[in-house]
Amino acid sequence: MKPVRLAGLTLPNPVLAASGTFGFGEEYAPWTALSRLGGIVTKSVTWDPLEGNPPPRVVETPAGLLNSIGWQNPGLAVFLREKLPRLAAYGVPIIVNVAGFSLEDYVRVAARLDDAPGVAALELNISCPNVDEGGMAFGTDPRQAGLVTAAVRRVTRLTLVVKLSPNVTDIAVMARAVAEAGADAVSLINTLVGMAMDWRTGRPIFQRVVAGLSGPAVKPVALYQVWQVARAVTLPVIGMGGITTARDALEFFAAGAAAVAVGTANFRRPDACLRVIEGLERYDAEGPQALEGEEEP
Amino acid sequence: MLSPSLGPRLVSVVGRQEVSPDSVRLRFAAPEAASAAQPGQFLHLRCGTSLDPLLRRPFSVHAVDPVVGTVSILFRVVGAGTAWLARRHPGDVVDLWGPLGRGFVLHPGDGWLVAGGVGVAPLLFLAARLREQGAAPQLLWGARRRQELAAVADFEHLGIPVELATDDGSEGHHGPVTDLLAEVLSGRRAPVYACGPRPMLRRVGELTRQAAVTAQVSLEERMACGVGACQGCACPRRGGGYALVCHDGPVFPAEEVELG
């Protein structure tokens, strides 16, 4: 497959592993050939270590998954010391997903990563629904989204991707705001807000009530939002939301995505990204008929 | 570093048995898993062929036969995934990954095995391993009613003494299985290995702490990836933070985790 350029970043192929679904790569190293991926977007990294939310943290829905993880991660210092060197050894572009509870948080994490060896790009997480402050609060207000993007832009020379929330009235407005503030690319969608209810007790299942929905169930929403954003900005778009097959990826390319990310499908099988890549290779070599009979992985 | 032979693969069902009105034992031809599995580890199975159910389901290894090359699971039908799995018959194929996770550490001493309901599943494999090592484990097994205790014959075949308890008094002690544990620990202090509902495990933790014997508990939690990537199957650690049931467990020293 042909390499794909995202602003200053060149990916060996257009299929990434999506943030939050692939850990720090090492969890999947025994089970799939990481070096063949277009890139790995890490689990969200915050300045301080975070414990994450109390269980339950995941609930399955028809063809979907609700999660309330809450940015559990070892913090930037441990990431730099332990996780990043191992990740960098796989020879695959590393995009670090940066998260914070305040504008200053995003800035100090981004600044430290700017000269960290082995980081190919940053993805700003301003769209997580599972934390009380920061996260989606920045990603649902165009002014806030622009401010945090501009502030991070000032402290990094790395390719800057901003991950957008689908939980807005008009995602094109958000995309324009971060484009004007200096983003190099946008990625979408993060999870849709939802909840799970226990019919026996009449109580919400998640302690924070709200959770984020991902998986094949959200694909039509994601496709349309990618379509809208691709027509609103000239920046490259990384499309994601329920991709499990090469056919799904082709649909996102057709909607205007320059690259795609595979997320929840990684939980079904550890080689989900690789299967999408191999499907796209067959498509490139043999045309559409190569994917006609493809089964769901 | 790749371990493709234990990665997701299609395996054939070679045995199926309805053990009680709502639980089924399946045996798979999976020689790599049979050789690699340690008691307490789990197999991560797809429970369907479409996008719903979306995720795999974890099942403890119930028994292995490394000579014939088979592994077994024992499970209760609780939802759409386990209902699909219960309809598999010899000749059908299932997508199996593993064994995954950390199992029981086998301590010196004969050992008390404590099970609640279908939590007995990993303890048969453990009992067999303990016997191979020359230990003489005993099983304390509680369930809601006697129909759920049918698999007791498998332990008797291994020569494992069994004491039973039921919530409705239809078999053995009328009350929780932890009553039996409290009684035996006052006599023979031996390492405890437990699997069952959280309230049972919490009581096991209390009793073994009082008796100053080591206890390991096998936990169940809603799980997605199975390899520590998604952080979905969190269990509070005593003293703060969370452990991941799939990656740090599913077996933990009882004093390491909050069982409340």
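Author: Buried area is the accessible area (1.4 Å probe) that two parts lose on being put together, summed over both. The model is predicted, so to speak of local features we need pLDDT of at least 70, and side-chain atom pairs count only at pLDDT 80 or more, whereas totals for chains, interfaces and linings use all residues. Residues are numbered from 1 along each chain as its sequence is written, chains are lettered from A and ligands numbered from 1 in the order in which they are written, and side-chain values use heavy atoms, with hydrogens and water left out.

Reader: OK, how much do chain B and chain A bury between them?

Author: About 3,000 Å² is buried between chain B and chain A, with 62% of it on carbon and sulfur atoms. In chain B, the residues that lose the most area to chain A are Leu51(B), Leu54(B) and Tyr242(B), which together make up 22% of what that side buries.

Reader: And how many residues does the contact take from each chain?

Author: The contact (heavy atoms within 4.5 Å) takes 40 residues from chain A and 34 residues from chain B.

Reader: Switching to the inside, which residues of the largest nonpolar core touch the most other members?

Author: A nonpolar core is a set of buried Ala, Val, Leu, Ile, Met, Phe, Trp, Tyr and Cys residues joined through side-chain atoms within 4.5 Å, where buried means under 20% relative accessible area, exposed over 50% and partly exposed in between, with a 1.4 Å probe and protein chains only. The largest one has 126 residues, and Phe79(A), Leu113(A), Leu164(A) and Leu181(B) touch the most other members. Helix α9 (residues 272-286) of chain A gives the most to this core, with 6 residues; helices here are DSSP runs of H or I with at least four residues, strands are runs of E with at least two, and both are numbered from the N terminus.

Reader: What does Leu164(A) touch?

Author: Leaving aside residues up to four places away in sequence, Leu164(A) touches a set including Ile171(A), Met174(A), Val178(A), Leu188(A), Ile189(A) and Val229(A).

Reader: Where is Ile189(A), and what is the peptide bond from Leu188(A) like, cis or trans?

Author: Ile189(A) sits in the loop between β10 (185-188) and β11 (192-195) of chain A, and the peptide bond leading to Ile189(A) from Leu188(A) is cis, with omega near 10°. Another cis peptide bond joins Asp52(B) and Pro53(B), with omega about 0°, and Pro53(B) is in the loop between β3 (42-45) and β4 (57-60) of chain B.

Reader: Back to Phe79(A), what are the buried residues of α1(A)?

Author: They are Leu76(A), Val78(A), Phe79(A), Leu80(A), Lys83(A), Leu84(A) and Leu87(A), and they pack against β4 (39-41), β7 (94-98) and α2 (103-114) of chain A.

Reader: Where does α1(A) bend?

Author: The bend, which is the angle between axes fitted to the seven residues ending at a residue and the seven starting there, is about 35° at Glu82(A), and the proline Pro85(A) follows within four residues.

Reader: Changing topic, how many disulfides are there over all chains?

Author: Taking a disulfide as a pair of cysteine sulfur atoms within 2.5 Å, the count is 0 over all chains.

Reader: Why is there no bond at Cys195(B)?

Author: Because the closest cysteine sulfur, in Cys235(B), is 13 Å from the sulfur of Cys195(B), which is too far for a bond. Cys230(B) is also in no disulfide, and its nearest cysteine sulfur, that of Cys225(B), is 3.8 Å away. Cys230(B) counts as buried, at 4% relative accessibility.
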